[in-house]
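Hi there,

Here is the structure I promised to pass along. Have a look at it first, and my notes follow below.

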Amino acid sequence: YTVDETVGVIPVPALPSDLLAHQTMGILNALMRRVYFLAFETGLGKTRTAIEVAKHAMFPDGGRIDAPRVAVVTVAKGLDGIVAEFERWWPQARLHHMRAGDRPIPVPDRPAVFLYTWSSLHKMRMMDADVLIFDEVEHGKNPNSRMGQKARELRQHNLSAICLALSASPTPEGIKDFHNVYDFIVPGNWGSYWKFAGRYGEIESNEHGSKLVATNPDYQYELGERIKYWTLHQSKEGMPVPEMRTKQILVPSNVAPIDDLASLSESQIDEYLAKHSFDKISRAWESVQELLQNFDHQHHAVLTWKRETADRVADRLRTERDDVILIKGDYTVKKRNQLIAEASVMDTCVIVASMECIADSINTLVFVSNVMVVELHRKVRVFVQFLGRFCRLNSPHKFVNVAFVLLEGTVEVDHATKIADKVSVNAAVTGEGIAEGALLTGLDSAETDAQWADRLGTLEAWDLDENALAAIDDDWGD
């Protein structure tokens, strides 16, 4: 297998037949180039891909490593998910949960996987590794943080090792993040930050100093060409994952005038929404109940941002049905997983939880096809990634329904619109009840064309030349 004439040849490993094309390409490129950034959207198998790379690890000359030593750094809340993936796809490997001060001691003639968390990485002993896997690599992008410094020490100590960076984000945001991430995984290839920014960024200077204000459009194509060698981005477009269909339940505001809400700051609006969240749900209860009864599949999740709202929603639902499962924030990860496992085998169920509560167990919620969101987080990007966890390769459904319960005249409506714009948009309904035929009906072609025209209008601000646009379209998908 060859990438191009300048790289060389490696033996083709015998890979499992159930891997998709982007996973196979990621594995072969990672083995060939020995440094690779797997930027797969949530649910497209980047962890499985990284495990297959570790299983087939090779020396630089192409020789197979029989018992590789693998160091995995992940976020604390994702540790159990990583362990489950290794146990499923590489049961022969011996897993070591590394605590502060532990000395990495491998088992002879057996693959060894050492699991670290980003938050405790700065306390760990240095180790020799054949494969480095940095999950959620953006946590180590800051070279001045303790975790960033320790991660760079680990990388520098194992420059000959295969290094994988994993992230659900397509690319780092901004020139500074670009430099920090790629200088971390491919050290020495990018020069100093200011030299990098001087070429690829637009810098404004005045008597107070200089600052980076934007990406230089003249060199955007060149930057894409440089990083694409080390990166494989895969979006969900065309992938065998469920389609996400969204709709809105708009609740009229009868607590405060809309004009008053419009004059509030974001922090004041957040405080207002938190205060009236359950009141909003109560006034939309008829619509909520109708949604729960009319969805095609009978496994539901009602997600809140505040734990108090989750408790009150569960209490209200339990007065009307006996299949409600509340996942509380003070439950252990083991208990949360146990409750979700019980829910998955029930004929019907409604899981009620704050999103923070189920963050550790979200990968097991693919059996849920109906999601109701009653409080929106301010950061739209975080919310899009979180909802994306319901649309995974191992999902049994063809689509996932997402309903937002929104208070009119607040930032919630704007957030829901932005979120829906990034997934798919369905008919909006009002708090007075769901209109007949509104369930699962999409936009007509004229509305879709108008929507795409609005999206394309935002691209004009990039001022990219035709070649740059073509390169981004070919290499980076959406």
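What share of the contacts in the protein chain with a separation of 6 or more comes from residues 24 or more positions apart? The figure is 71%. Please keep in mind as you read on that this is a predicted model.

First, the overall picture. The protein chain has 478 residues, and 49% of them count as buried. Its secondary structure comprises 16 helices and 16 strands. About 23000 Å² of the protein chain is exposed, with carbon and sulfur atoms supplying 49% of that area.

Next, the aromatic residues. Searching the whole structure turns up 10 aromatic pairs. One of them joins W118 and F134, whose rings are tilted, with 35° between the planes and 6.0 Å from centre to centre. This pair links distant parts of the chain: W118 belongs to the loop between β4 (112-117) and β5 (131-134), F134 is in strand β5, and the two are 16 residues apart. Both W118 and F134 are buried.

Another pair is made by Y229 and W230, and this one is edge-to-face, with 4.7 Å between the centres and 85° between the planes. How do these two residues differ in accessibility, buried or partly exposed? W230 counts as buried because its relative accessibility is 15%, which is under the 20% cut-off. Y229 has a relative accessible area of 27%, so it is partly exposed.

Ring pairs also build a cluster, which takes in F37, F178, Y182, W190, F196, Y200 and Y219. You may like to colour these residues together when you open the model.

Then there are the charges that sit over rings. Y229 comes up again here: the charged end of R33 sits over its ring, 4.2 Å from the centre. So Y229 has the ring of W230 as its aromatic partner and R33 over its own ring, and it is partly exposed because its relative accessible area is 27%. Elsewhere, R245 lies over the face of F399, at 4.4 Å from the ring centre.

Last, the cysteines, since you may be wondering about them. How many disulfides are there? The count comes to zero, taking a disulfide as a pair of cysteine sulfur atoms within 2.5 Å. Two of the cysteines are worth a look in the viewer. C163 counts as buried because its relative accessibility is 0%, and C349 is buried too, because its relative accessibility is 0%.

Happy browsing, and do write back with any questions.

Best wishes

Conventions
Residues are numbered from 1 along each chain as its sequence is written. This is a predicted model: local features need pLDDT of at least 70, side-chain atom pairs count only at pLDDT 80 or more; totals for chains, interfaces and linings use all residues. Side-chain values use heavy atoms; hydrogens and water are left out. Buried means under 20% relative accessible area, exposed over 50%, partly exposed in between (1.4 Å probe, protein chains only). Rings of Phe, Tyr and Trp (its six-membered ring) pair if their centres lie within 6.5 Å; planes under 30 degrees apart count as stacked, over 60 as edge-to-face and the rest as tilted. Helices (H or I, at least four residues) and strands (E, at least two) are DSSP runs, numbered from the N terminus. A charge sits over a ring if NZ of Lys or CZ of Arg is within 6 Å of the ring centre and within 35 degrees of the ring normal. Contact means heavy atoms within 4.5 Å. Accessible areas come from the Shrake-Rupley method with a 1.4 Å probe; for residues, only the protein chains shown count as cover.
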